[in-house]
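Have a look at the model below before reading on. The notes that follow go through its open and enclosed spaces, its metal site and a few backbone oddities.

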Amino acid sequence: MLQRMRILGIETSCDETSAAVVRSGHEVQSCVISSSKHDFVSLGGVIPEDAARKQLESILPVIELALKKASITCDQLDAIAVTYGPGLLGSLLVGTSTARVLAALWKKPLLAVHHTLGHLCSTWLASSDVQFPVLTLSVSGGHSDLWYRTSHTSGIRVGTTRDDAAGEAFDKGAVLLGLPYPGGPALSKLAASGDETAYEFPNPLSHDKKPDFSFSGLKTSLKYLLRDLSDKALEDKARTDIAASYQFAICRHLGSRVTLALDMYPDTKELHIVGGVSANTRLRTMATEIGARSNVVVRWPSSLAYCTDNAAMIASAAYFQHAEKKSEQSGFRTLATSSLEALLHPTKTE
Ligand code: KG4
Ligand code: ZN
């Protein structure tokens, strides 16, 4: 039964409404994502109340479509999984309330999943041959963490950000460069044709032996660079070069912390990058180089849709959370509990 367990995942933590049907934690039978990001382009960011209203409009059609695409009815589901946090409260309430009602109506177990554990499981989608220990760089708009993992849902957080998240560094940099929301994809598109060696940015925490992150200094450097250049009309060439140099500085910082963590955990077999920023091609190239140097397999989510928020990763996380409950008895700390603890009370893990 567990082997073939089919879970309906629901993810509504921000401005994506997503539902997916995933079998055995790996096999995606459908994944529907409806995003309200385009509504916020002219506003430069998400308005929480509007995002929640959009969630309410989309949630039932999205779930219906996910079942239809998977060619199943609700009777064929074994469980429902939903993101319970962190995220925008109004958006989360739409997902959790819907999941509760459906679980009661359809008489299915309801599994609650931490959003971060979802991202950490996004590399299992379409790959079942992963070897542990795995070092995972989890980089999104809300967090930047490094996890050393001994099973799908067990591990310890070995590094985290001391200020902004990596996605925020991209988004705030994009705002300074006058690029539209969401900034990460726009900045990386502009950077593609630029010279990343044209401008020098600081290399944060380069003498710090803990693999933590810090992005606020990079953002401040960009701000001052643009202020100093503001007298001259900023030519397109300079803008692309600045975008490329800034992107390089973010990726170099991420890469240097990964290298440090790999030195700390030399038994690591695989390096995974997950979260919205794992869509970045410059970061992927850098991770591939690091993997080759350190002799570890490098993976990122098999589709761009699984890098940013999606329900398939939530269904996958729920499956392994459920399946590996047994392994708690063998002494592993489950990520589901320890990460929540760590995320709510970061100092307790130091
Ligand atoms: O995981 P995600 O969809 O949502 C959160 O949980 O935060 O990540 C969104 C973040 C945003 O900051 C976005 O700008 C960034 O991921 N992002 C990128 C790229 N695509 C998305 N950053 C850099 N390059 C990209 N190609
Ligand atoms: Zn996310």
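## The pocket between the domains

Domain 1 (2–124 + 305–344) and domain 2 (134–301) each contribute residues to the lining of the largest pocket, so it lies between the two. The domain bounds come from an automatic or database domain assignment. Keep in mind that this is a predicted model, where local features need pLDDT of at least 70, side-chain atom pairs count only at pLDDT 80 or more, and totals for chains, interfaces and linings use all residues. Residues are numbered from 1 along each chain as its sequence is written, chains are lettered from A and ligands numbered from 1 in the order in which they are written, and side-chain values use heavy atoms, with hydrogens and water left out.

The largest pocket has a volume of about 1,100 Å³. Of its 44 lining residues, K37, S140, G141, D171 and G276 sit closest to the centre. Helices α3, α4 (166–176) and α5 (183–191) are the elements that give two or more residues to this lining, and α4 supplies the largest share, with seven. By type, the pocket lining splits into 19 nonpolar, 18 polar and seven charged residues.

A few terms: on a 1 Å grid over the protein atoms alone, a pocket is an open set of points with protein on both sides within 12 Å along at least five of seven lines, a cavity is a set where a 1.4 Å probe fits but cannot get out, and lining residues have an atom within 4 Å of a point. Grid points are joined across faces, edges and corners, and a volume is the space filled by probe spheres set on the points. Helices (H or I, at least four residues) and strands (E, at least two) are DSSP runs, numbered from the N terminus. Ala, Val, Leu, Ile, Met, Phe, Trp, Tyr, Cys and Pro count as nonpolar, Asp, Glu, Lys and Arg as charged, and the others, Gly among them, as polar.

## One closed cavity

How many cavities of 30 Å³ or more does a search of the whole structure find? Just one, and it holds about 50 Å³ of space. Its lining includes L137, L254, G255 and I290. Among the elements giving two or more residues to that lining are α7 (236–264) and β9 (270–274), while α8 gives the most, with four. The cavity lining has nine nonpolar residues, one polar and no charged.

## The zinc site

The zinc ion (ligand 2) is held by H115 (NE2), H119 (NE2) and D309 (OD), at 2.0 to 2.1 Å. Donors here are N, O and S atoms within 2.8 Å of the metal (3.2 Å for Na, K and Ca); water is not among the atoms, so sites may look incomplete. Along the chain, the donors follow the spacing H-x3-H-x189-D. H119 lies in helix α3 (residues 115–120) and D309 in the loop between β10 (297–299) and α9 (312–323), so the pair ties together parts 190 residues apart in sequence. Both H119 and D309 are buried (under 20% relative accessible area; exposed is over 50%, partly exposed in between; 1.4 Å probe, protein chains only).

## Backbone oddities

There is a cis peptide bond between G85 and P86, with omega about -10 degrees, and another joins Y181 and P182, at about -5 degrees. P86 belongs to the loop between β4 (79–85) and α2 (89–106), and P182 to the one between α4 and α5.

S71, not a glycine, has a positive phi near 55 degrees; at 63% relative accessibility, S71 counts as exposed. L205 also has a positive phi, about 55 degrees, but is partly exposed at 21%.
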